[in-house]
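Biologist: I would like to go through this model and ask what stands behind each label. Please set the values against the cut-offs.

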Amino acid sequence: ESIALTYGMISMVDDGIGRILAKLDGLGLADNTIVIYTSDHGDVMGDHGIMLKHGLHTEGVIRMPMIWADPAGVSGERSDVLASAIDFMPSVLARTGLKPFTGVQGVDIVGAATEGSKPDRAGVVIEADELPENVDVEDFFKVRTFTDGRWRLTLWVEEDFGELYDRETDTLELNNLWNNPAHKEDRARMVEAMLKEQYRYAD
């Protein structure tokens, strides 16, 4: 039922966006307007038998839509360049011809996708600081995830627990390799890559 209602809400949003685009067209502004559709996170929506998103960095949560409709662009193109919410502002500024101020952590991901290049990063870091009532636990907790596209590593900061998934062979993320001796080198490599990315982004 929740999934069906969510699809209904998506249809409502689509209808609203359609009206905005029609209005832009009617006002003669469509050729001079960039329309961006994005979100801050996805939702589990029944994956792994659970709902919502809190503290869980499965594929359904960490993938987010980003549609950039630009009169100067080519329609219908997709990119698999790893992107993060921190890339949104530098991408908007780059399109206006402005450079981001010193200390901005993200990159112009739209420019990179258009040029077919990849940003200078090993992957993306995902952070969540959770309220206890969101997941029915007693204390605040922190979750940190790093993904390079193929692998996802998640650390539960206050717990002696982690997750490691090879999403090339385990697309549904059902086989946690964190304690698998055969993957200790993969685990170490991903932890090191996450630390380096976090250090690089530190203020």
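Modeller: The chain exposes about 13,600 Å², and carbon and sulfur atoms supply 54% of that area. Bear in mind that this is a predicted model.

Biologist: What elements does the chain hold, and how do they run from the N terminus on?

Modeller: The chain has 6 helices and 6 strands. Their order from the N terminus is α-β-α-β-α-α-β-α-β-β-β-α. The C-alpha trace spans about 60 × 45 × 35 Å along its principal axes. Of the 203 residues, 28% are buried. Among contacts with a separation of 6 or more, 45% join residues 24 or more positions apart.

Biologist: Which residues make up the largest nonpolar core?

Modeller: That core has 10 residues: Val125, Phe146, Trp151, Leu153, Leu164, Leu177, Trp178, Met190, Ala193 and Met194. Strand 5 (151-156) and helix 6 (184-201) each supply at least two of them. Helix 6 gives the largest share, 3 residues.

Biologist: What does tryptophan 151 touch, leaving out residues up to four places away in sequence?

Modeller: Tryptophan 151 touches Phe146, Leu164, Tyr165, Asp166, Leu177, His183, Asp186, Arg189 and Met190. Of these, Phe146, Leu164, Leu177 and Met190 are also listed in the core.

Biologist: What makes arginine 189 and aspartate 148 a salt bridge?

Modeller: Their side chains meet at 3.8 Å, N to O. The cut-off is 4 Å, so the pair qualifies. Arginine 189 is in helix 6 and aspartate 148 in the loop between strand 4 (141-147) and strand 5, so this salt bridge, under the 4 Å limit, links distant parts of the chain, 41 residues apart.

Biologist: Are these two residues buried or exposed, or do they fall in between?

Modeller: Arginine 189 has a relative accessible area of 37%, and aspartate 148 has 26%. Buried means under 20% and exposed over 50%, so both count as partly exposed.

Biologist: Why is aspartate 70 called buried, while its partner arginine 95 is called partly exposed?

Modeller: Aspartate 70 is at 16% relative accessibility, under the 20% limit, and is therefore buried. Arginine 95 is at 37%, between 20% and 50%, and is therefore partly exposed. The two side chains meet in a salt bridge at 2.6 Å, N to O. Aspartate 70 lies in the loop between strand 2 (66-69) and helix 3 (88-95) and arginine 95 in helix 3, so the pair ties together parts that are 25 residues apart in sequence.

Biologist: Where do arginine 19 and aspartate 15 lie, and how many residues apart are they?

Modeller: Both are in helix 1, 4 residues apart, about one turn of the helix. Their side chains form a salt bridge at 3.8 Å, N to O. Arginine 19 is at 58%, over the 50% limit, so it counts as exposed. Aspartate 15 is at 46%, which does not pass that limit, so it counts as partly exposed.

Biologist: How many salt bridges does the structure hold, and which residues do shared partners join into one network?

Modeller: There are 16 salt bridges. Those that share partners join Glu59, Arg63, Arg152, Glu163, Arg167 and Glu173 into one network.

Biologist: Why is glutamate 173 called buried?

Modeller: Its relative accessible area is 3%, and the limit is 20%, so glutamate 173 is buried. Glutamate 173 sits in the loop between strand 6 (161-166) and helix 6. It also has a positive phi of about 55°, although it is not a glycine.

Biologist: How do you know that arginine 144 is buried, and what does its side chain reach?

Modeller: Arginine 144 has a relative accessible area of 14%, under 20%, and is therefore buried. This residue of strand 4 extends its side chain to the backbone oxygen of alanine 128 at 3.3 Å. Its contacts include Ile126, Leu153, Met194 and Gln198.

Biologist: What makes isoleucine 3 eligible for a nonpolar surface patch?

Modeller: Isoleucine 3 is partly exposed at 35%, and patch residues need over 30%, so it passes on area. Isoleucine 3 belongs to helix 1 (residues 2-26). With Tyr7, Ile10, Met51 and Leu52 it forms a patch of about 480 Å² of accessible area together.

Key. Residues are numbered from 1 along each chain as its sequence is written. This is a predicted model: local features need pLDDT of at least 70, side-chain atom pairs count only at pLDDT 80 or more; totals for chains, interfaces and linings use all residues. Side-chain values use heavy atoms; hydrogens and water are left out. Patches are made of residues with over 30% relative accessible area and no salt bridge: like charges are joined within 9 Å, nonpolar side chains (Val, Leu, Ile, Met, Phe, Trp, Tyr) within 5 Å. Accessible areas come from the Shrake-Rupley method with a 1.4 Å probe; for residues, only the protein chains shown count as cover. Helices (H or I, at least four residues) and strands (E, at least two) are DSSP runs, numbered from the N terminus. Buried means under 20% relative accessible area, exposed over 50%, partly exposed in between (1.4 Å probe, protein chains only). A nonpolar core is a set of buried Ala, Val, Leu, Ile, Met, Phe, Trp, Tyr and Cys residues joined through side-chain atoms within 4.5 Å. Contact means heavy atoms within 4.5 Å. A polar contact is a pair of N or O atoms within 3.5 Å; within protein, one must be able to donate a hydrogen and the other to accept it, and residues adjacent in sequence count only if both atoms are side-chain atoms.
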